[in-house]
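Here are my notes on this one, written as numbered points. Keep the structure open next to you and look up each residue as you go.

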Amino acid sequence: MASVELTDVRKVYGSSVEAVKGVNIAIEDGALCVLVGPSGCGKSTLLRMIAGLESITGGTVRIDDRTVNDLGPAERDIAMVFQNYALYPHMKVYDNMAYGLRNRGMPKDQIDKRVREAAQTLELTHLLDRRPRELSGGQRQRVAMGRAIVRNPKVFLFDEPLSNLDAKLRGQMRVEIKNLQRQLGVTSVYVTHDQLEAMTLADILVVMNAGAVEQIGAPLDIYEKPASTFVASFIGAPPMNLVHVTSDGNGLILNDGTKIGATGLAVPGEGAVIGFRPEDLEVAADEKSHAGGLVLELGILGVEPVGAESYVYGIVGGERVVVRVAGRSASQTGDSLRVIIPREKLHLFGKDGKRLND
Amino acid sequence: MASSTRVTFPNKLLPYLLLAPQLAITIIFFYWPASQAIQQSVLREDPFGLATQFVGLGNFKRVLNDPNYLNSLQVTVVFSVATALIAMALALLLAVMADKVVRGKGIYRTLLIWPYAVAPAIAGMLWLFLFNPSMGTLAYLIRSTGYNWDPLLDSGQAMVLVVAAAAWKQISYNFLFFVAGLQSIPKSLIEAAAIDGAGENKRFWTIIFPLLAPTTFFLLVVNTVYAFFDTFGIIHAVTGGGPGKATETLVYKVYNDGFVNLILGDSAAQSVILMVIVIALTAIQFRYVERKVHYG
């Protein structure tokens, strides 16, 4: 049980390539923190720095109120689950799980007890005599988890642990990881590029981009109030629609010159980006019921029915937008569709991508 | 699976035609000489080569009762075990070190692979020039420390010298395979072991070495065969089998008895025995050692 604190953590490769640019994150004891971002954003590097597999160029990493910058991975009392599981192929499942305990000189009977307990928890008992190559992907994943939990570490680190599994198994394992983490109450850091995994698992969500933190917060807070256009387009599926606008004093002008009425919406002179979630749009609603709402006229490019809902792809002001409609949509390609963005669902970002309204 | 992806040729003759060059080489350079040796081994020729006589297993009986032959067998065992062990151990050490180098990895590797391109006889000459007691540069250094270095008279030193020369020549080859073997071990396994609290030494012996087993096994077979057969040139150049018969290995004795002493029947019998030994050794290695090998 431990807290994890990153203060101004930096990583520079060679002399100039800055992979992580001054990251500050505080993770409370028992919380699950998810680092999410596109590939190359520095999230894995950051995780490896916490693990001690990568040197820290600047700043401090503290685990349980102890600075661990100069400690080796073994001395930090962490356990890591790798993307490719990193199971020792020449050892049986039992030995894979016992390896870390043996290295720490634990008595045999105690090792046996711990391994069997962990195997029980993860339903691996019948597989203890198998070798990793005789296991399925999900079972290997479980063994990797087992290897982490037998050690009873202060912190769990997960490096995209589900990305090698098929979609169905991934959903199932996601729930299992969440439950296990809750049950054990071990502070965890979880890296993923999958926003759905990030949203569902996180207690604290950290959205990273180009080596820096874009936003930290509870998943739903981030979803409801993205701090930048990057976060807005990364969190949520389909992502938030973003439309560039400028203002001429009494209305908004879209990229292609179309004017739309917008009362009481203050847009800076150099222009702005308005954002709205596909699910927040009101289709064919009465204009008057949404005073101050923004009315858009979409040219429909296509409709994708996915069962419970349909995605209507349209174009407005030369930019593509998506509308999420419950059930079937009556719209056809080539039609036009009037949608209203309720005032309170409208996100406004500056030209630099930073959020303007609150 | 295999049968469904099998290539079928429209022409019945074509596959045989494509195999022909390889078959021809194997037949001309292996089966034919081997059959000649087997034939020769049951014959006895008179000193002038005018008459041959069938003697059955007579040659074999004589060879196996010859104390010189038994001595040669012992020399071969010592020489092969020492050569294979030293060549593999040093190559593994170098490969592990080269794997750790960050800058100039390629240069180190290239330089370490070079000795493999040196012909055995030339390698032998190099070692001879370096360690010849009367003119060798390094021999001079050794003698200047007060140690009586004389591989021309001391059989133990002669053995050390040929083993060193033979092992040195094979290190490059082993190095190449160990480097490739090390590269195929996923980095994350080493990292996982580090997190699991294994120190560098422990990581090597519990993770890296077992995972290198397929490579090590393959090299064991190759090195044994090398020590048995391919070291002829080195021994011939460095010691000529001497002093006395201290470095006369089986293959060297085959040559000596056949081409120097012209006892063709005995020589042929010896080469047949040698063939049987190597076939047996390889079979044993595959049967027993391979069981303990993990193919990832």
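1. Start with how chain A is folded up along its sequence. Among its contacts with a separation of 6 or more, 66% join residues 24 or more positions apart. For chain B the corresponding share is 69%. Keep in mind as you read that this is a predicted model.

2. Now for what the chains are built from. Chain A has eight helices and 20 strands, whereas chain B has 13 helices and two strands. Along the principal axes, the C-alpha atoms of chain A fill a box of roughly 75 × 45 × 35 Å; for chain B the box is roughly 75 × 75 × 30 Å. Of the 358 residues in chain A, 41% are buried. In chain B, 30% of the 296 residues count as buried.

3. How far can you trust the picture? The mean pLDDT is 87 for chain A, with 96% of its residues at 70 or more. Chain B has a mean of 83, and 95% of its residues reach 70 or more. For the model as a whole, the scores are ipTM 0.82 and pTM 0.79. Within chain A, strand β8 (residues 187-192) has the highest mean pLDDT of the elements, 94, and strand β13 (residues 259-260) the lowest, 78. Where pLDDT is low, the predicted coordinates should not be read in detail.

4. Next, find the sheet at the start of chain A. Its four strands form an open sheet in the order β2-β1-β4-β5, with antiparallel pairing. The edges are β2 and β5 (66-67) of chain A, each of which pairs on one side only. Strands of a sheet pair through backbone hydrogen bonds, either parallel or antiparallel.

5. You can walk across that sheet strand by strand. Strand β1 (residues 4-13) of chain A is joined to strand β2 (residues 17-27) of chain A by seven bridges, and A:V9 has A:V23 as its bridge partner in β2(A). These two strands make a hairpin with three residues between them, and A:G14 in the turn has a positive phi of about 60°. β1(A) also pairs with strand β4 (residues 58-63) of chain A, in the antiparallel sense over five bridges; here A:T7 is partnered by A:T60. The last step, from β4(A) to β5(A), takes two bridges, with A:R62 and A:T67 as bridge partners.

6. Strand β14 (residues 272-276) of chain A deserves a look of its own. Is it enclosed or open? Five of its five residues are buried, so β14 of chain A is largely enclosed by the rest of the structure. Both faces of β14(A) are covered: A:A272, A:I274 and A:F276 are buried on one side, and A:V273 and A:G275 on the other.

7. β14(A) has partners too. It pairs in the antiparallel sense with strand β11 (residues 241-247) of chain A over five bridges, and with strand β20 (residues 347-350) of chain A over four bridges, again antiparallel. A:G275 is a handy residue to click on: A:L242 stands opposite A:G275, and its bridge partner in β20(A) is A:H347.

8. On to the nonpolar cores. The largest has 148 residues, and those touching the most other members are A:C33, A:V34, A:L35, A:L157, A:V189 and B:V162. Helix α7 (residues 155-183) of chain B gives the largest share, twelve residues. Domain 1 (4-230) and domain 2 (238-350) of chain A both contribute residues, so this core lies between them. In soluble globular proteins, nonpolar side chains tend to be buried together.

9. What does B:V162 touch, leaving aside its neighbours within four places in sequence? Its contacts are B:F79, B:I234, B:I235, B:V238, B:T239 and B:T247. There is also a second, separate core of seven residues, including B:A37, B:Y69, B:A269 and B:V272.

10. Finally, look at where the chains meet. The contact takes 17 residues from chain A and 16 from chain B. On the chain A side, β6 (78-81) and α2 (93-103) each supply at least two residues. That side of chain A has twelve nonpolar, four polar and one charged residues.

Notes:
Residues numbered from 1 in each chain as written. Chains lettered and ligands numbered in written order. Predicted model: local features only at pLDDT ≥ 70, side-chain atom pairs only at ≥ 80, totals over all residues. Core = buried A, V, L, I, M, F, W, Y, C linked by C-beta atoms within 7 Å. Buried ≥ 20, exposed ≤ 12 C-beta atoms within 10 Å, placed from the backbone. Domains from an automatic or database assignment. Contact = placed C-beta atoms within 7 Å. Nonpolar A, V, L, I, M, F, W, Y, C, P; charged D, E, K, R; others polar. pLDDT = per-residue confidence, 0-100. Pairing = 2+ DSSP bridges.
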